[in-house]
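Visitor: I would like a close look at one part of this model, the place where the two chains meet. Please go through it step by step, and then place it beside a few other spots.

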Amino acid sequence: MSEISSVLLIGGSGFLGLHLIQQFYELSPRPSIHVFDVRPLPEKLSNQFTFKLDDIQVHIGDLTSFEDVQKAIKVSGANVVVHSASPMHGQNKEIYDLVNVKGTRNVIDVCKNTNVNILVYTSSAGVIFNGQDVHNADERWPIPEVPMDAYNETKFTAEDMVLKSNDPENGFLTVALRPAGIFGPGDRQLVPGLRAVAKLGQSKFQLGDNNNLFDWTYAGNVADSHVLAAQRLLDPATAKEVSGEAFFITNDTPTYFWSLARTVWKADGHIDKNVIVLKRPVAILAGYLSEFFSKLLGKEPGLTPFRVKIVCASRYHNIAKAKKLLGYEPRVDIEEGIKRTLAWMDEDL
Amino acid sequence: MGKVTDWAFHPLELKSAIILKCLRQPLFPLAESSLSVTKKRCYELLNLTSRSFAAVIKELHPELRDVIMIFYLVLRALDTIEDDMTLDTKLKMNLLREFDQKLDLQEWSFDGNGPDEKDRAVLVDFNYILYEYHALKPEYQKVIKEVTKEMGNGMADYIIDENFNLNGVETIKDYDKYCHYVAGLVGVGLTQLIVIAGFAPKSLYEDEKDAELPLYESMGLFLQKTNIIRDYSEDLDDGRSFWPKEIWSKYSSTKLSSFREPDQTQKGVECINDLVLNALGHVEDVLKYLSCIHEQSTFQFCAIPQVMAIATLALVFNNPKVLHGNVKIRKGTTCYLILHSRTLSGCVNIFEYYLRDIRKRLPVSDPNYLKINIQAAKIDKLIETMYPDDNLPKGLKPLDTELYSKVKERTKYDEAMEPIQTSEESKFFSIFLALLVVVVLPLLS
C-alpha cells in the first residue's frame with residue numbers, strides 16, 4: 001500500500017479543512033475524500049478553491065462520540081485520517097478540553113480499533129510559546145512548564161497523545177504538524193483582524209520597535225505539509241524516520257511583525273503617513289490602563305498587556321526538519337498569500 | 001558645511017578619527033626603510049594608484065602583504081589598459097588577452113598609454129612589478145596569473161560586445177556576470193591566496209568553487225553593485241550605464257537617464273531601492289565568508305570594504321540625491337567603521353545597524369516593501385544562528401552547524417582584539433581628560 005486511497009478529514013469544514021480538501025483533491029490519483037465535522041461544507045465555496053462540493057462526502061457528528069467517528073471511518077474506508085478540528089482562540093477552557101483533549105483521545109481510540117494506518121494531527125507552533133521570545137525554534141525546544149494559555153496547553157496535550165500512540169509494529173503511524181500563524185482564505189482571525197484594526201484608525205500605532213521576527217504560514221502550504229506527511233508515512237522507505245515526530249511548518253520567510261501588518265493594510269489601499277511608535281514598556285503600561293478603564297466601563301479592552309507582549313515578541317521557527325524529512329517547501333509566498341486572502345474577503349461570502 | 005563643524009556634529013566619528021590616526025597600532029607595520037629598490041618602487045606605485053587601499057595592504061601579515069600588493073598592481077595595470085580610450089582597439093585587445101603571458105617574462109613594460117591616463121606609471125614601471133612577482137612563491141604566482149588571464153579575456157569580451165556597449169547591462173544575470181569580471185574575480189583570487197597562506201580553511205575555496213554563487217563571489221559582487229548604484233550620475237555623465245535593464249525598465253518606460261527628470265524622481269528612487277534589494281541578497285554570504293577568516297590582519301583587509309559597502313548602501317537607499325550627483329559616506333564614518341570592524345561581532349553589529357536604518361526609512365508605498373523586509377529578516381535570522389546563545393531556552397545547546405563552528409573559532413580571535421580596543425579607548429579618555437584640564441583650568445584662574 002503506497003497511495004492515499006481514501007482520506008477522512010476531521011474538521012474538514014473549517015478554515016484549514018477546506019485547504020486540506022483542496023490539496024488532497026489535487027493529488028493524482030485523487031483519493032476518495034471524506035469530511036467529518038459538526039457542520040456541513042459551506043453552501044457557496046470561495047473562488048480560491050477549485051474542488052467540486054459534490055465530490056466530497058460529508059459526515060456530520062460529534063468528535064467525542066466513538067460511534068460517530070467510527071461510522072465515518074468505516075464508511076469512508078480511510079487509510080489516512082487527518083485531524084485538524086480545533087476551536088478558535090479566545091474561547092474557554094472547557095471547550096478546549098472537550099475538543100482538543102477528549103476529542104483527540106477519541107480519534108486515536110477509534111483509529112486503533114478500526115485499522116486506520118495513518119493519523120496526521122494538526123498541532124500548533126504555539127505549544128512551545130509561553131510569552132518569551134522564540135528565536136529560530138526547532139523541534140528540540142522544550143514545552144513550557146507553565147503554559148501560555150488553555151488553548152496551547154490542550155494543543156500540546158493532544159499532540160503528546162498522538163505521538164505517544166505511534167505504534168509501527170501494529171501498523172499505526174502518527175505525526176504532528178505545528179503550523180505557525182496560519183492565514184489565508186477562510187481565515188477569520190489574522191488578516192481580517194488586521195483589516196479591522198485599520199478601519200478603526202489604529203494602524204497608525206506601532207507597539208515596540210518592529211525588530212521582532214514573526215512567522216506567518218499560508219493555509220495552502222500548511223495543508224500541503226499534511227499531504228506530504230501522509231505520503232511519507234505510507235512509504236516504507238521513509239515511514240520510520242517520520243512517524244512519531246513533530247514538525248514545525250512555516251512559510252520560511254519570517255519578517256517583522258508590523259511590516260507584515262503594513263503589507264496587509266497597503267494591499268487594502270491603506271498607508272499611514274505618520275506612525276506613532278510606543279516602546280514596549282510604554283505599550284504595556286497603556287495596556288494595563290486600557291484594561292483598567294475598560295473594566296470600569298464594562299467594555300472589552302482592545303489593548304491588553306497580553307496582546308502587547310504577543311505583538312512585541314519574536315516568534316519564528318527553524319523548519320529544517322520538515323524540509324529534510326517531509327520534503328516540505330512553501331509553495332505560496334507571503335505576498336501572494338495575502339493577495340489571495342484579500343481577494344477571498346472581497347468575495348463577501 | 002566646513003570640516004570642523006562637520007566633525008563637531010558627529011563627536012563619535014571625531015573620536016574614531018583621533019583613535020585611528022594617533023592611537024591605533026598597525027598589526028604588522030611595514031618597515032619602508034629596509035625595502036629593496038624594486039619593492040620600494042612597487043609600494044610607491046601602490047600609493048600612487050590608491051592611497052586608502054595602500055594603507056590597508058601595508059598592514060597585512062608579511063606572508064600576504066607583498067602577494068596582495070603585486071596582485072593589486074597587476075590588476076591595476078590591466079585596468080589601465082582597459083580604461084585608456086586613446087589606445088587602438090586591436091592593440092588593446094591583444095594586450096588584454098595576452099597580459100597573463102607578460103607575467104612569464106623577466107622584463108616587460110609599456111609606455112603606449114595616453115599622457116593623461118591616470119595610472120600609466122604602473123605600466124611604464126612594470127619591470128619592477130615583474131621582478132617582485134617572480135620573487136613570490138610559485139603557488140601565489142599561479143593564482144595571480146590565472147585571474148589575470150580570465151579578467152583580461154573578460155575585459156576584452158566586453159570591449160567587442162556591441163550590445164553591451166550600445167545598451168548597457170540587460171538582465172540581472174548579465175549584471176552578475178559583469179560584476180563577476182570586474183570584482184568577483186578579485187574575490188576568487190584573494191580567496192585562493194588567503195587559503196594558500198593558511199589564513200582560512202581550504203573549504204572556503206574548495207567547497208565553494210563549483211557552487212552557482214560561491215561565497216567569495218558574493219564578496220566582490222556586493223562591493224561592485226554598491227558602487228554601481230552609487231555612481232549612477234557619474235556613469236551617465238561618462239556615457240556609461242551599468243544598472244540592469246531588467247530592473248530599471250520596471251520604473252522607466254523610456255531610458256535610464258529619464259530618472260534625472262524632476263517628475264521621475266519617485267520612480268528613480270524606487271529603482272534605487274530595488275537595486276539595493278538585489279545587492280542585499282549577497283549579505284548572508286559576506287557574513288559567512290568573514291566567519292571563515294582567522295588571521296586578524298587578513299580579516300580586517302576583507303571586512304573593511306564590506307562594512308563600507310553596507311554603509312554606502314544605506315546612504316544611497318531611498319536617496320534622490322543619487323540621481324543627480326555624488327554621494328559619499330563621511331570621513332569620520334569611515335574611521336568609525338574601520339575601528340569597529342576588527343571583530344566579526346563588530347562587523348555583524350555594523351551590518352545590523354545599517355539594515356535597521358534602511359528598514360526605518362523604507363516607505364510602505366515602496367513596491368518592494370515586503371521583499372526588503374523579508375531580505376533583512378533573512379539576514380537577521382542568519383545572525384541569530386551565528387550567535388544563538390542568548391536566545392535559547394535553558395539547557396538547550398545551539399545547533400552545531402558548520403557556520404556556528406566557524407563563528408566560535410572566529411570568536412577566539414575577536415576576544416584577542418578586545419584588550420587592544422579597550423586600551424585605545426582608555427588612552428583616548430586620558431588624553432581627552434588632560435586636554436579638558438588644560439582648556440578649563442585657565443578659565444578658572
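Guide: What follows starts with the contact between the chains and then turns to some single residues. Keep in mind that the model is predicted.

Start with the extent of the contact. On one side, 24 residues of chain B take part, and they touch 26 residues of chain A. Together the two chains bury about 2,200 Å² between them. Carbon and sulfur atoms give 56% of that area. On the chain B side, three residues stand out: B:V364, B:L370 and B:K381 supply 27% of the area that chain B buries against chain A, more than any other three residues.

Next come the polar links. There are two salt bridges between chain B and chain A. In one salt bridge, the side chain of B:K371 meets the side chain of A:E335, with 3.3 Å from N to O. Counting residue pairs in polar contact, with both residues at pLDDT 80 or more, gives 15 between the chains. As for the helices behind these links, α20 (344-360) and α21 (369-386) of chain B each supply at least two residues of the side that touches chain A. Helix α21(B) gives the most to this side, with eleven residues.

Chain B also has a nonpolar patch on its surface. The patch is formed by B:F429, B:F432, B:L433, B:L436, B:V437, B:V438, B:V439, B:V440, B:L441 and B:L444. Together these residues have about 960 Å² of accessible area. Take B:V439 as one of them: this valine sits in helix α22 of chain B, which covers residues 402-444. B:V439 counts as exposed because its relative accessibility is 52%, and the cut-off for exposed is over 50%.

Now move to chain A, and to an asparagine with several partners. A:N251 is in the loop between β12 (245-249) and β13 (255-256). Its relative accessibility is 4%, so A:N251 counts as buried; the cut-off for buried is under 20%. The side chain of A:N251 has a polar contact of 2.9 Å with the side chain of A:N221. The A:N251 side chain also reaches the backbone oxygen of A:V332, at 2.8 Å. Beyond its neighbours within four places in sequence, the residues in contact with A:N251 include A:W216, A:T217 and A:Y218, as well as A:P330, A:D333 and A:I334.

The backbone has a few points worth checking in the loops. A:N210 is not a glycine, yet its phi is positive, at about 60°. This asparagine lies in the loop of chain A between β9 (205-207) and β10 (213-214). A:N210 has a relative accessible area of 6%, and therefore counts as buried. In chain B, B:N318 also has a positive phi, near 55°, and is a residue other than glycine. B:N318 belongs to the loop between α18 (296-316) and α19 (331-340) of chain B. At 25% relative accessibility, B:N318 counts as partly exposed.

One last backbone point concerns a proline. The peptide bond from A:S28 to A:P29 is cis, and its omega is near 0°. A:P29 is placed in the loop of chain A that runs between α1 (15-25) and β2 (32-37).

To return to the request: the meeting place of the chains joins 24 residues of chain B to 26 residues of chain A, with α21(B) giving the most on the chain B side.

Technical notes. Residues are numbered from 1 along each chain as its sequence is written. Chains are lettered from A and ligands numbered from 1 in the order in which they are written. This is a predicted model: local features need pLDDT of at least 70, side-chain atom pairs count only at pLDDT 80 or more; totals for chains, interfaces and linings use all residues. Side-chain values use heavy atoms; hydrogens and water are left out. Patches are made of residues with over 30% relative accessible area and no salt bridge: like charges are joined within 9 Å, nonpolar side chains (Val, Leu, Ile, Met, Phe, Trp, Tyr) within 5 Å. Accessible areas come from the Shrake-Rupley method with a 1.4 Å probe; for residues, only the protein chains shown count as cover. A salt bridge is a side-chain nitrogen of Lys or Arg within 4 Å of a carboxyl oxygen of Asp or Glu. Helices (H or I, at least four residues) and strands (E, at least two) are DSSP runs, numbered from the N terminus. Buried means under 20% relative accessible area, exposed over 50%, partly exposed in between (1.4 Å probe, protein chains only). Contact means heavy atoms within 4.5 Å. Buried area is the accessible area (1.4 Å probe) that two parts lose on being put together, summed over both. A polar contact is a pair of N or O atoms within 3.5 Å; within protein, one must be able to donate a hydrogen and the other to accept it, and residues adjacent in sequence count only if both atoms are side-chain atoms.
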